[in-house]
Amino acid sequence: METLSCCAAGERRSALMTTISEVAKAAGVSISTVSHVLNKTRYVSPEKAKLVMEAVDEIGYIPNAVARSLKLSSTGTVGLAISAISNPYFSDIICAIEAECSKRGLIVFLCDTQDDPDRELELVRHLHQRRVDGIILAASGDPKKSLDYLIECDVPCVLVDRLSDDRFDQVGTDNTAAIRMLVDHLVALHHERVGIILGQPGFATTVERTKAFRAAMTENGIEVPHAFISNGNRSTADAAASTHRLLELKEPPTAILASNNLAMIGAMRAIRERGLRVPEDISVLGIDDFEWADYFEPRLTLMAQPCDEIGRKAADLLIARISNKHRPRETVRLSPVLRVRESCGEAA
């Protein structure tokens, strides 16, 4: 660990003890002028601003960010509590949120909830105690305690991806439209035996996609056997095991719909372990386009979610909520795009 010499430590203490009044005296301007230059709260002529900044550099003034945040009731920071940070879907959203916040002069503190409700509540509390101006949250499967805490403490918050509570601003994909387009694509290829690999139970996305799948199949006059709906897949291994079970049925599906990118990877693993060909023996398609979908053999038909737009809109909604806590709540569902490739063929 690096240590400071006595001389260096003394210089550091001197810099920290320098006051705004000393900067004003060195620059030959008023204290209020120095404040406006440093905080960008009012126009100051370029000549005076230059004098102030030269004085700051010369005497080593360090602005007290903590004191300023207490005075302004703002820290210029936001918290992002989200799971599966390594998942390309969420990492794209994270990057978009950070980029948009950076444009507005905000710093993002990133926390991984690991989809654990207790850890989620702990992290939400820590972010609040550190006085972030607001929080963007991808809620766990059981977020009630965290959401109640945010409401009770009046913390500006936006829910992203998992739209589970209209007491908050929310932004995510139109899951009903996404599932309907996928089902319609399969029905157009004469598939009636369609299995679906769903994500973790309790997630708003899982609930919405399950309901949308049943409704879309019913609208097409197709009854779905209970065994064709596989819920609770937390990993690629779970999804692979679920796919094996589907393919072992006496009358297996002719097509499998993967409800997220992890489910798709697991499904493809199981299909190849069984020596089946896509789409000759079974068709596959799913939600979450990813960069390497084009490199699968065959190329995968996937529903692309608007990750960049979700991230930007989440940041916009949070900034608006921080500025005005009493504005009407908004729930924004963005349209996905179906990218048809070669992984679906005509039903046998």
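How are α6 and α13 oriented to each other? Before I answer, let me say that what we are looking at is a predicted model.

The two helices in question are α6, residues 88-103, and α13, residues 307-323, and their axes come within 7 Å and cross at roughly 45 degrees. An angle under 35 degrees would count as roughly parallel and one of 65 to 115 as roughly perpendicular, and α6 and α13 are therefore oblique to each other. As for the hand of this arrangement, α6 passes α13 in a right-handed crossing.

Turning to the residues that make up the contact, on the α6 side we have Y89, D92, I93, A96, I97, E100 and C101, and these meet C307, D308, I310, G311, R312, A314, A315 and D316 in α13. Sorted by character, the residues of this contact between α6 and α13 divide into nine nonpolar, five charged and one polar.

Now let me move to strand β6, residues 194-197, where V194 and I196 point one way while G195 and I197 point the other way, and where all of these residues are buried. That fits the general expectation that side chains in a regular strand alternate between the two faces of the sheet.

As to its partners, β6 pairs in the parallel sense with strand β8, residues 255-258, over four bridges, and β6 also runs parallel to strand β7, residues 229-230, to which two bridges join it. The residue I would ask you to find in the structure is I197, which stands opposite A258 in β8 and also stands opposite S230 in β7.

Definitions and conventions:
Residues are numbered from 1 along each chain as its sequence is written. This is a predicted model: local features need pLDDT of at least 70, side-chain atom pairs count only at pLDDT 80 or more; totals for chains, interfaces and linings use all residues. Side-chain values use heavy atoms; hydrogens and water are left out. Axes are lines fitted to C-alpha atoms, for helices over the stretch in contact, and angles run from 0 to 180 degrees between N-to-C directions. Angles under 35 degrees count as roughly parallel, over 145 as roughly antiparallel, 65 to 115 as roughly perpendicular and the rest as oblique. A crossing is left-handed if the near helix is turned anticlockwise from the far one by less than a right angle, and right-handed if clockwise. Contact means heavy atoms within 4.5 Å. Ala, Val, Leu, Ile, Met, Phe, Trp, Tyr, Cys and Pro count as nonpolar, Asp, Glu, Lys and Arg as charged, and the others, Gly among them, as polar. Buried means under 20% relative accessible area, exposed over 50%, partly exposed in between (1.4 Å probe, protein chains only). Two strands pair if DSSP finds at least two bridges between them.
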